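Please read the following briefing alongside the sequence and the coordinates. It goes from the overall fold to single residues.

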Amino acid sequence: MKIYSAEQLQKADSLSIKNQNISSTDLMERAAGLVFNQIHSRLEGSDIEIKIFCGIGNNGGDGLVIARMLLEHGYKVKVFIVNYSEKRSRDFLINYDRFKNITKDWPVLIKNQNDFPKIEEGDFVIDAMFGIGLNRPIEGWVSALVEHINKSGAFILSIDMPSGLYAEQVPGNTAGIIKANFTLTFQSPKFTFFLPQTMDYVGEFQVLDIGLDREFLAKTNTNARLIGKEQARLLYKNRKKNSHKGDYGHTLIVGGSYGKIGSIVLSATAALKTGAGLCSVFSPECGYEIIQTALPEAMVITDNQKKHLSEIKIDFEPDIICFGMGAGTGDAALNAFEKLLKETKLPMLIDADGLNMLSKNKALLDLLPERSVLTPHPKELERLIGKWDDDNHKIKKVQKFINKYNVILVLKGAHSFCFSKEEIFINNSGNAGMSTAGAGDVLSGVISGLMSQKYDPVIAAVFGVYLHGLAGDLAAEKMGYEAITAGEITNNLGGAFLELFREEENLN
Ligand SMILES: NC(=O)C1=CN([C@@H]2O[C@H](COP(=O)(O)OP(=O)(O)OC[C@H]3O[C@@H](n4cnc5c(N)ncnc54)[C@H](OP(=O)(O)O)[C@@H]3O)[C@@H](O)[C@H]2O)[C@@H](O)CC1
Ligand SMILES: [K+]
């Protein structure tokens, strides 16, 4: 799903009005109608009072339409107009009048702190103060109102966006941003919904398709794209009946050190469970029995050093080398890595201590095979590219880095981001239970397993991250978050492939 910018959505908005031969008031009615349906289907006529805070632009206009529809369906509604300026939009004014025409309980104007209504824990608040028209931080008494709402303990539903949040930029300071429990957003999720600094303001979100101009949306390129099940399914490559293990490639997992052999076992198992035809593991000598016992499906080659890597000698040509898990960053391992980089032409996958070695010795970055995949978590990324001021700055730095070294970078997080030269892919699977030891080693194995099957490195990264998250979601369904271990993620990889093609159950 493409993630459009506020500017692109505004363009789509005016084009739709022109091409569909409707007025902007009609479009507002359509958008707000979809919000009303969602609220109505959840509240089912409940007699709870709904407090709606409307700005004076079109986000406020949406709020007024929602208020009218709720009132017409028998809900108790109290509307507050947050009068932050005198510049009311045309559609706000039209809907202000329409609302006043159907009730004697007219909206209450809030002009300063003295006008703030009482909001209690358990109240239902709709936030329709600002949407994609926000162009500066919320200040003064309006910011105080936002805090008043946030502190109330009410359930907060934001319309289009939590008021105070920009669509693309992280804010300089977070005073004056609504902390929503749920956001119903129009046409496209906004980029800030996925950034670590801002995602908590959004709560859960749902995208409502308000029918903006299809042609414009299809031909407009975006900087980022959200990967959910529908998108991931399209990335899957069918297996041919007439095939053998050689068709699915040979993955070589290189890493491990004394006490950390488990990491490479996890990666290798994940590579095989993702469909690699063959998997070899290169480890220090101490890993031999462990790997052979834990994973009889893998072949094992050992270093001549007992406890750490020193020289990676292999007599075959793997389709993908995945390097770094549990390898340590000692001089011998570093030398081995440098030599391996010099000898390898095909894209590699570099994780964990492989990344730490690159950070310690930046000259190695120039040796990275083109289109290799790097999979740092935020701390590893910081070591690699240096500190950043905020999430937007971080993204700029990553883009500069991947362009300079011609690599693909997966930044792991609640929503993992896959950076390619062309686009950012934001992952929408996974859960908090996956913050557990070894989950990253499993991801490296999954992406390597796909690369060995000749998935393009960008696709392997994007698809691998999605599958890994989906396997974690399946694990969570069975055992809750706390009991998920890295091995459980691997155990659910098969289920994740099946789940990709399972049609959603019709709940009606
Ligand atoms: N596009 C679509 O697809 C559709 C959009 N729809 C809806 O319209 C919403 C966008 O509406 P909008 O453009 O009127 O802007 P909105 O967010 O209501 O802000 C109002 C004005 O506030 C001002 N202002 C900004 N920051 C400020 C601040 N900190 N403190 C004080 N004032 C500030 C600024 O005006 P300025 O003062 O800069 O002239 C701004 O224009 C969108 O989110 C969705 O809900 C749907 O109805 C249908 C389809
Ligand atoms: K809002």
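The points below cover the whole chain, the domains, the core, the ligand shell, one helix and several loop residues.

The structure is a predicted model. The protein has 508 residues, of which 49% are buried. Its secondary structure amounts to 17 helices and 18 strands. The domain assignment splits the protein into domain 1 (2-222) and domain 2 (244-500).

**Overall dimensions and contacts**

- The C-alpha trace extends over about 85 × 45 × 45 Å along its principal axes.
- Taking contacts in the protein between residues at least 6 apart in sequence, 74% link residues at least 24 apart.

**Domains**

- The centres of domain 1 and domain 2, computed over C-alpha atoms, are separated by 42 Å.
- Seven residues from domain 1 and seven residues from domain 2 make up the contact between them.
- On the side of domain 1 that touches domain 2, five residues are nonpolar, two are polar and none is charged.

**Nonpolar core**

- The largest nonpolar core holds 153 residues, and I52, F53, C54 and V82 touch the most other members.
- Helix 15 (residues 457-479) contributes the most to this core, with 13 residues.
- This core lies between domain 1 (2-222) and domain 2 (244-500), because both give residues to it.
- Not counting residues up to four places away in sequence, C54 touches G60, G63, L64, V79, F80, I81, V82, A128 and M129.

**Shell around ligand 1**

- Ligand 1 is surrounded by 31 residues, and the closest are G57, N58, N59, G131 and G133.
- By class, this shell consists of 14 nonpolar, twelve polar and five charged residues.
- Helix 1, helix 2 and helix 3 each provide at least two residues of the shell.
- Helix 3 accounts for the largest share, with four residues.

**Helix 2**

- Helix 2 covers residues 24-43, which makes 20 residues. At 1.5 Å a residue these should span 28 Å, and the end C-alpha atoms are 28 Å apart, so the expected and computed spans agree.
- The buried residues of helix 2 are L27, M28, E29, A31, A32, V35, F36 and I39.
- An α-helix has 3.6 residues a turn, so residues three or four places apart point the same way.
- Among the elements that cover the buried residues of helix 2 are helix 1 (6-19), helix 3 (58-72) and helix 4 (90-102). Strand 6 (155-159), strand 7 (182-186) and strand 8 (204-208) are also included in this cover.
- E44, just after helix 2, adopts a positive phi of about 45°.

**Loop between strand 6 and strand 7**

- I177 is located in the loop between strand 6 and strand 7, and G164 is found in the loop between strand 6 and strand 7 as well.
- I177 counts as buried because 25 other C-beta atoms lie within 10 Å, where the threshold is 20 or more.
- G164 has 24 other C-beta atoms within 10 Å and is therefore buried.
- I177 and P162 are 15 residues apart in sequence, while their C-alpha atoms are 6.8 Å apart in space.
- G164 and A175 are eleven residues apart in sequence, with a C-alpha to C-alpha distance of 8.7 Å.
- Setting aside neighbours within four places in sequence, I177 is in contact with V146, P162, G164, L165, P171 and Y201.
- With neighbours within four places in sequence left out, the contacts of G164 are F130, L134, I138, V146, G176, I177 and I178.

**Positive phi in other loops**

- N21 sits in the loop between helix 1 and helix 2. The phi of N21 is positive, near 55°, in a residue other than glycine.
- N21 is exposed because it has 8 other C-beta atoms within 10 Å, and the limit for exposed is 12 or fewer.
- R371 belongs to the loop between helix 11 (352-360) and strand 15 (373-374). Although R371 is not a glycine, its phi is positive, at about 65°.
- With 17 other C-beta atoms within 10 Å, R371 is partly exposed.

Conventions:
Residues numbered from 1 in each chain as written. Chains lettered and ligands numbered in written order. Predicted model: local features only at pLDDT ≥ 70, side-chain atom pairs only at ≥ 80, totals over all residues. Expected span 1.5 Å × (residues − 1). Contact = placed C-beta atoms within 7 Å. Near = placed C-beta within 6 Å. Nonpolar A, V, L, I, M, F, W, Y, C, P; charged D, E, K, R; others polar. Domains from an automatic or database assignment. Core = buried A, V, L, I, M, F, W, Y, C linked by C-beta atoms within 7 Å.
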